[in-house]
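Please work through the following exercises with the model open beside you, trying each task before reading its solution.

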Amino acid sequence: MPNAPHADDPNLMFATAFKEALRQRGLPLDHVRDHLQSHGITVSPATLSYWRSGRSQPERLQSLRAVDIMEPLLGLPSGALRSLLRRRPRGWAPPHDPAAVRSVYGENSDLEKALGDAFPHLNADLRRLVVHESVNVNQHRLVDETRVTVAVRAIHDDARHLTAVHILDSWKAGTVDLTVPHGPPPSIRFRPELNCVIADIPFGRRLARNETAVVEYTLRSASTVGISHQHERRTATPLQTYLLQVRFHPRAVPSRCWHYYRRQLGIKPLSRQLAPLDDSRTTHLLPTKCPPGAYGVEWQWTD
């Protein structure tokens with residue numbers, strides 16, 4: 001395939017060797033995790049999966065100890081895997097992986113329908129670092145405003161814009177608006193049949209590799225049709241921090257709220273816990289070092 005990473009790429013040599021050793025020994029990642037746990041080392045299956053695919057590599061002291069323990073389990077001589085690790089330059093990011101995007105959103109998702117051929121390459125020249133969303137639920141029990149701040153890093157030269165995609169709870173022609181407080185106006189496309197709005201938000205200048213930018217925008221809907229039951233952020237790449245705040249109108253206070261996380265759309269949450277409201281009828285979610293998946297707040301109405 002054009003532009004596919006080569007097995008002899010220094011950043012992927014460890015991943016290639018690790019993957020092949022697992023194949024030859026017929027070891028699932030859960031078995032490796034349990035073996036490490038028996039030696040007092042905790043490494044999640046998700047992290048092991050990232051090492052196997054080349055999306056990340058062992059770098060911290062405990063991770064390097066894990067590599068040393070894995071080598072005899074995999075039938076490899078001491079140092080065989082560790083010697084393949086390369087010190088990565090500041091700002092290094094794994095190659096964009098279209099399969100990782102689809103692993104979060106699933107096959108033939110609404111997002112893929114909305115973007116078409118552009119779906120596998122969504123924001124391929126960027127990495128989101130920090131995302132802050134502030135969501136307002138109006139008296140009609142409908143999300144009517146979402147304010148978003150995103151900090152990104154360019155992983156290639158000449159990055160020009162962030163593509164933001166929002167699937168809305170309801171749609172009525174002429175009721176949806178997306179604005180930015182500063183800089184050039186965004187290019188906006190509406191897909192009413194999918195309840196979807198897509199916006200290319202310019203940075204104001206072209207970014208060089210490793211440069212960062214902050215994007216702010218507000219999405220508003222004047223529709224009064226439909227009811228909202230949740231808001232979630234879907235990410236196909238890790239985030240350093242995600243902050244979600246949800247505020248409810250005094251006349252539309254839910255009976256209960258929950259925080260949740262799921263690895264991909266269409267499956268049950270891996271974690272779900274009650275989320276109390278404060279005196280301003282607001283709840284928030286603040287995970288850090290977020291792996292790919294869907295993070296959100298859902299709520300239950302009294303009737």
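Throughout, a residue is called buried under 20% relative accessible area, exposed over 50%, and partly exposed in between, with a 1.4 Å probe and protein chains only. The model is predicted, so that local features need pLDDT of at least 70 and side-chain atom pairs count only at pLDDT 80 or more, while totals for chains, interfaces and linings use all residues. Residues are numbered from 1 along each chain as its sequence is written, and side-chain values use heavy atoms, with hydrogens and water left out.

**Exercise 1. Salt bridges**

Find the salt bridge between R272 and E298, and decide whether each partner is buried, partly exposed or exposed.

Step 1. A salt bridge is a side-chain nitrogen of Lys or Arg within 4 Å of a carboxyl oxygen of Asp or Glu, and by this rule the count comes to 14 salt bridges.

Step 2. In the pair of R272 and E298, the N to O distance is 2.7 Å. The pair links distant parts of the chain, since R272 belongs to strand β11 (residues 271-274) and E298 to strand β14 (residues 293-300), 26 residues apart. Strands (E, at least two residues) and helices (H or I, at least four) are DSSP runs, numbered from the N terminus.

Step 3. R272 is partly exposed because its relative accessibility is 44%, whereas E298 is buried because its relative accessible area is 18%. Elsewhere, salt bridges that share partners join E145, R147 and R220 into one network.

**Exercise 2. A buried arginine**

Which side chain of opposite charge is nearest to R153, and how far away is it?

Step 1. Locate R153 in strand β2 (residues 143-154).

Step 2. Count Lys and Arg as positive and Asp and Glu as negative, leaving out His and the chain ends. The nearest side chain of opposite charge is then E211, 9.7 Å away, and R153, although buried, has no salt bridge.

Step 3. Look instead at the backbone oxygen of N210, which lies 3.0 Å from a polar atom of the R153 side chain.

Step 4. Turn to E211, whose side chain meets that of R205 in a salt bridge with an N to O distance of 3.2 Å. E211 is partly exposed because its relative accessible area is 26%, and R205 is likewise partly exposed, at 48%.

**Exercise 3. Two packed helices**

Describe how helix α2 and helix α3 pack, and list the residues that make the contact.

Step 1. Two packed helices are described by the angle between their axes and the distance between the axes. The axes are lines fitted to C-alpha atoms over the stretch in contact, and angles run from 0 to 180 degrees between N-to-C directions.

Step 2. Helix α2 (residues 29-38) and helix α3 (residues 45-53) pack at about 115°, their axes being 9 Å apart. L29, D30, V32, R33 and L36 of α2 make the contact with P45, L48, S49 and R52 of α3, where contact means heavy atoms within 4.5 Å.

Step 3. R33 also forms a salt bridge with D34, the closest N and O atoms being 3.1 Å apart. R33 is partly exposed because its relative accessible area is 28%.

**Exercise 4. Positive phi**

Where is N123 found, and is N123 buried or exposed?

Step 1. N123 is found in the loop between α6 and β1, and its phi is near 50°, a positive value in a residue other than glycine.

Step 2. N123 is buried because its relative accessible area is 9%.

Technical notes:
Polar contact = N/O pair within 3.5 Å; in protein donor to acceptor, adjacent residues only side chain to side chain.
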